[in-house]
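Welcome! Here is a short guided tour for someone meeting this structure for the first time. Please have a look at the picture before reading on.

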Amino acid sequence: MLNIIISLAEILRKIMNNYQRVTTRKPEGIESKRAFLIGSGIASLAAAEYLMRDGHMKGNQITIYEQSGMPGGSLDGAGNPEDGFVVRGGREMEAHYECLWDLCSQIPSIEEDGRTVLDEFKELNDIDPNFSNVRSIYNRGEKRRRTDLGLSEKNSKELTKLLLAKEENLGAITVEEYFDKSFFETDMWLYWRSMFAFEPWHSLVEMKRYMERFIHLLPGMSTMRDLLFTKYNQYDSLVLPIKNLLVSKGVSFEYNTTVTDLKFESAGNKKTVTEICLNRNGEDDVVKTSAEDFVFFTNGSMTENSTLGDMDTPPVLNTSEGAIWRLWKNVAAQDDSFGKPEVFCGNIDKTKWESYTITANGTKMKKLLEDFAERKFLPNRTATGGIITVKDSNWLLSVTVNRQPQFKNQPDDCTVAWAYGLYPDNKGDFIEKKMSECSGKELLQELLYHFGIDENDMQPYIDECIVIPAMMPYITSQFMPRVKGDRPEVIPENSVNLAFLGQFCEIKDDCVFTVEYSVRSAIMAVYQFLNLDKKVPEIYGSQYDIRALSDALKTLKSDHEGILKKFIENIIKNKLSNTHFENLL
């Protein structure tokens, strides 16, 4: 009975969260403060916006340092139909990204006056809900029609036990150390690792967090229903509108600027950033800061040291120490509470994988992809659906075609697809080379092979395609096994003016490898620094909703489903019979 009451209380608390959407009072002395943000990914962009939106800062008090020539970090998208388009990765979203949608609710659309990014995003996904007709293929093009997860009783018990476990009791256990070998042959693991890029050697704690955070989506794993996608690539749809707003408000973007170190002043156990050491267009410089200033550091990077290839050349794996990781190491060396970057960046063989973007200027490749996806890729019309994973691929290949056009400068007769492989060190099933050693042409040939195209029939497809591969050494570094203290708190207890943002800071209960995590870190940092009388949007607690829990257990086909059913029936019989709650349950 107590569990039921707690669940209902949690639901009620979420419904009442609008009570927190208040207009903040202007913090005393905000006019004299400055904010410096290291990196221009979505976390920094969000932090800058919330400093102004709720913190009442002026744009000219905010400076963003970016080592490349454009903002966005891992949320990228560039190119043209003649040379090929490039996206290194894609983002799956859902309705309960409370922080991201709060951010987007006040970002003006750059396509339609009087509308916000959230307005256009929701309208599009309402008209065009996502659904994957074909989630996986095998045996050179055979479509798998199963919609269950293929779990045995043992697998279901392991998953349920994980769901009930305490995070602190799991430590640095890996996924492969916890599950029986049979689990890795199930469709659930196939869907899980191809959706979220999990590997067997990744953190079990992170898998548990995903299960709890997205348990309401578990029944749709085989069809990817209830997932949401942007209209264009993630740069045009998310980054560009925010960047344009920040620039219009006077925020300064300093590109081609690499922060090399932070200098601290210690007083007791308190540490204050007093100098930002940087290299601006090849010239060294130092920016003096004080306790009245704020320094926001996106520590670590999933896409640091990414390299691109082309149709004839594979991308080179860059194993040199990137500037972002080097800076975090310099900072972490000055205080234990600033995290342990080596835990995440110290084993590239376990954090890398490769993606590639296909630009098809013609009809053959488009029709082939349409036939397998069982949907039409029509300009400005329905073209959603999830990734298609090749179950028996040595590289574990997946490919997807999101809404077309993916780029504003993309012609109607051009189709952009994105593919990736989680095992770049394995040899292909058609190409007798490691994926990492393959050119764009060879990557396309391997995909065509799995789609059932014979070698003698491949050339017409190759002729109309431009394939640009991307090798990313740290793309799943955020999933590496870790324990408490490896990731710094958003604002460590002994930090006076330094906050950590992004995928490598610690946020209780939320999931890395999501845009939501980055935006949440930004809001947390701003609200805490400015001591604002406003709460950060709460994490959606579907694991406390008995309806979501029941649906998930049915999907897992767990014997706990029967236990839950009997538990509810007993409550109804003994406590809630002939009451309103009997019907609710």
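## An exposed asparagine

Asn281 is exposed, with a relative accessible area of 56%. In this predicted model, Asn281 sits in the loop that runs between β11 (270-280) and β12 (283-288). Its backbone is worth a look too: Asn281 is not a glycine, yet its phi is positive, at about 55°.

## The protein as a whole

Now let us step back. How many helices and strands does the secondary structure of the protein come to? There are 18 helices and 20 strands. The radius of gyration is 24 Å, close to the 25 Å that the globule rule gives for 585 residues, so the protein is as compact as a globular protein of that length. Measured out along the principal axes, the box filled by the C-alpha atoms is roughly 70 × 65 × 50 Å.

Of the 585 residues in the protein, 58% are buried. Contacts also tell us about the fold: taking those between residues at least 6 apart in sequence, 74% join residues at least 24 apart.

## Surface and charge

The protein has an accessible surface of about 24500 Å², and carbon and sulfur atoms account for 49% of that surface. As for charge, 69 side chains are positive and 87 are negative. The centres of these two sets lie 5 Å apart.

## Helix α12 and the residue after it

Helix α12 covers residues 364-373. Is this helix mostly covered or mostly open? It is mostly covered, with 7 of its 10 residues buried. The buried residues of α12 are Met365, Lys366, Leu368, Leu369, Glu370, Phe372 and Ala373. Here is a helpful rule for reading such a list: an α-helix has 3.6 residues a turn, so residues three or four places apart point the same way.

Just after α12 comes Glu374, with a positive phi of about 60°. Glu374 belongs to the loop between α12 (364-373) and β16 (388-390). With a relative accessibility of 34%, Glu374 counts as partly exposed.

## A buried leucine in α13

Leu448 is part of helix α13 (residues 440-450). Its relative accessible area is 0%, so Leu448 is buried. Which residues does Leu448 touch, leaving aside those up to four places away in sequence? They are Met365, Leu368, Ile453, Met458, Tyr461 and Ile462. Two of these partners, Met365 and Leu368, are among the buried residues of α12.

Leu501 gives another way to place this leucine: Leu448 and Leu501 are 53 residues apart in sequence, and their C-alpha atoms are 41 Å apart in space.

## Cysteines without disulfides

How many disulfides does a search of the whole structure find? The search finds 0. Cys505 is in no disulfide, and the nearest cysteine sulfur, which belongs to Cys99, is 12 Å away. A disulfide would need the two sulfur atoms within 2.5 Å. Cys505 is buried, with a relative accessible area of 0%. Cys277 also counts as buried, at 13% relative accessibility.

## A cis peptide bond

One last stop is in the backbone. Gln404 and Pro405 are joined by a cis peptide bond, with omega at about 0°. Where does Pro405 lie? Pro405 is in the loop between β17 (397-400) and β18 (414-421).

Notes:
Residues are numbered from 1 along each chain as its sequence is written. This is a predicted model: local features need pLDDT of at least 70, side-chain atom pairs count only at pLDDT 80 or more; totals for chains, interfaces and linings use all residues. Side-chain values use heavy atoms; hydrogens and water are left out. Helices (H or I, at least four residues) and strands (E, at least two) are DSSP runs, numbered from the N terminus. Buried means under 20% relative accessible area, exposed over 50%, partly exposed in between (1.4 Å probe, protein chains only). The radius of gyration is taken over C-alpha atoms; the globule rule is 2.2 Å times the number of residues to the power 0.38. Contact means heavy atoms within 4.5 Å. Accessible areas come from the Shrake-Rupley method with a 1.4 Å probe; for residues, only the protein chains shown count as cover. Lys and Arg count as positive and Asp and Glu as negative; His and the chain ends are not counted. The place of a charge is taken as NZ of Lys, CZ of Arg, CG of Asp or CD of Glu.
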